[in-house]
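Here are some friendly notes to read alongside the model. Take them one at a time, and keep the structure open as you go.

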Amino acid sequence: MKRALSQDDLKRMVGYQAVDDYVKSGTVIGLGTGSTAAHAVDRVGEKLKSGELKDIIAIPTSVRTKEQAEKLGIPLSTLDLHSDLDVAIDGADEVDPQLNLVKGGGGALFREKIVELCAKKFIVIVDESKICDGLGPGFPIPVEIVPFCHEHTMRVISKLPALKGCEPVLRLGNIANNTADGDKPAITDNGNYIVDLKFKTPIKDPVAAGQQLKATVGVVDHGLFTGMTTVCIVAGKEGIYIKEKKGGEEEEEEAAFDLFG
Ligand SMILES: O=C(CO)[C@H](O)[C@H](O)COP(=O)(O)O
């Protein structure tokens with residue numbers, strides 16, 4: 001009898017699939033952060049070790065990912081040396097029908113965004129639980145802010161027109177844990193704080209929300225990744241499928257392979 005697939009099995013499937021489909025020898029790649037992206041990093045390490053992949057240069061999006069890649073012997077560099085990436089692969093906290101994302105559950109949103117914006121292709125890998133009809137209520141939107149006068153910045157954010165109704169909550173404890181534990185602010189890899197914006201209803205205009213956040217003094221960047229996704233690879237109980245945005249329309253293709261085969 002076949003055992004039921006766990007959420008981690010699904011994350012591994014999409015992580016491996018993304019590397020197998022999109023990472024070629026001799027390319028510069030962006031490595032995402034989080035439990036799903038970690039499987040893609042493992043796969044790159046595995047294929048370099050077996051010789052199936054050669055001459056990869058990888059740009060990590062967090063200290064955690066850098067440490068994982070180092071252990072696997074993946075050659076690393078930085079955006080300072082490589083501003084043009086062939087592909088970046090990363091997970092997400094929510095994906096809407098236009099393939100807009102919420103990211104930053106792991107607190108790495110700034111480095112993720114700066115790296116992923118440099119990639120010709122940005123491949124998003126998620127299990128089906130991350131698919132939503134509208135961003136906001138399912139997962140708080142993380143915003144990286146400078147520590148100086150952070151309470152003031154949080155008040156300003158709560159009054160932005162496109163973010164009406166949000167409740168800003170300072171993330172405490174471990175940066176990768178958006179359920180506030182501990183009593184000290186979580187510190188990002190860049191030495192900043194994260195404020196998680198909680199919503200009861202979906203954000204009407206994620207692009208405007210992102211623009212208003214970005215224009216707020218004290219905000220470093222935010223976890224709304226709009227118009228960036230090239231392809232979203234999704235794993236569900238029935239198999240893996242690809243969501244592509246074509247001409248503004250989301251399209252689902254046949255399962256890339258059978259999870260149960
Ligand atoms: O944005 C991120 C980290 O900042 C992650 O990609 C996102 O939180 C998804 O994580 P996971 O794959 O562990 O569910």
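1. Let us begin with a proline. Pro-185 sits in the loop that runs between β8 (167-170) and β9 (193-198). Please keep in mind that this is a predicted model, here and in every point below.

2. Is Pro-185 buried or exposed? The answer falls in between: it counts as partly exposed, because 18 other C-beta atoms lie within 10 Å, while a buried residue needs 20 or more and an exposed one has 12 or fewer.

3. Now look at what surrounds this proline. Leaving out residues up to four places away in sequence, Pro-185 touches Leu-170, Arg-171, Leu-172 and Tyr-193. Arg-171 is 14 residues away from Pro-185 along the chain, yet their C-alpha atoms are separated by 5.8 Å.

4. Next, step back to the whole chain. The domain assignment gives domain 1 (7-128 + 227-252) and domain 2 (141-222). Domain 1 is therefore written as two stretches of sequence, and the C-alpha centres of the two domains lie 24 Å apart.

5. How many residues of domain 1 are in contact with domain 2? There are 13, and they meet 15 residues of domain 2. On the domain 1 side, helix α4 (residues 109-116) gives the largest share, with four residues. That side divides into five nonpolar, six polar and two charged residues.

6. The largest nonpolar core has 64 residues, and Val-44 and Ile-89 touch the most other members. Domain 1 and domain 2 each supply at least three residues to this core. If you click on Val-44, you can look for its contacts with Val-19, Val-23, Leu-53, Ile-56, Ala-58 and Ile-74, setting aside neighbours within four places in sequence.

7. Helix α1 (residues 7-22) offers a nice sum to try. Its 16 residues, at 1.5 Å a residue, should span 22 Å, because the expected span uses one less than the number of residues. The end C-alpha atoms are 23 Å apart, which agrees. The buried residues of α1 include Leu-10, Met-13, Val-14 and Val-19, and also Lys-11 and Arg-12.

8. Strand β1 (28-31) is a good place to see how side chains alternate. Val-28 and Gly-30 point one way, Ile-29 and Leu-31 point the other way, and all of them are buried. β1 pairs with β2 in the parallel sense over four bridges; in β2, Ala-58 is the bridge partner of Ile-29.

9. Which elements do the buried residues of α3 pack against? They pack against β1, α2 (35-50) and β2 (57-60). The buried residues of helix α3 (residues 63-71) are Arg-64, Thr-65, Lys-66 and Ala-69. After the helix comes Gly-73, with a positive phi near 75 degrees.

10. Finally, find the open sheet of three strands, ordered β4-β5-β11 with antiparallel pairing. β4 (94-95) and β11 (224-225) are at the edges; each has a single partner strand, so one side of each is left without a neighbour in the sheet. β4 and strand β5 (residues 101-102) pair over two bridges, and Val-102 in β5 is the bridge partner of Glu-94.

Conventions: Residues are numbered from 1 along each chain as its sequence is written. This is a predicted model: local features need pLDDT of at least 70, side-chain atom pairs count only at pLDDT 80 or more; totals for chains, interfaces and linings use all residues. A nonpolar core is a set of buried Ala, Val, Leu, Ile, Met, Phe, Trp, Tyr and Cys residues joined through C-beta atoms within 7 Å. Domain bounds come from an automatic or database domain assignment. Two residues are in contact if their C-beta atoms, placed from the backbone, lie within 7 Å. Ala, Val, Leu, Ile, Met, Phe, Trp, Tyr, Cys and Pro count as nonpolar, Asp, Glu, Lys and Arg as charged, and the others, Gly among them, as polar. Two strands pair if DSSP finds at least two bridges between them.
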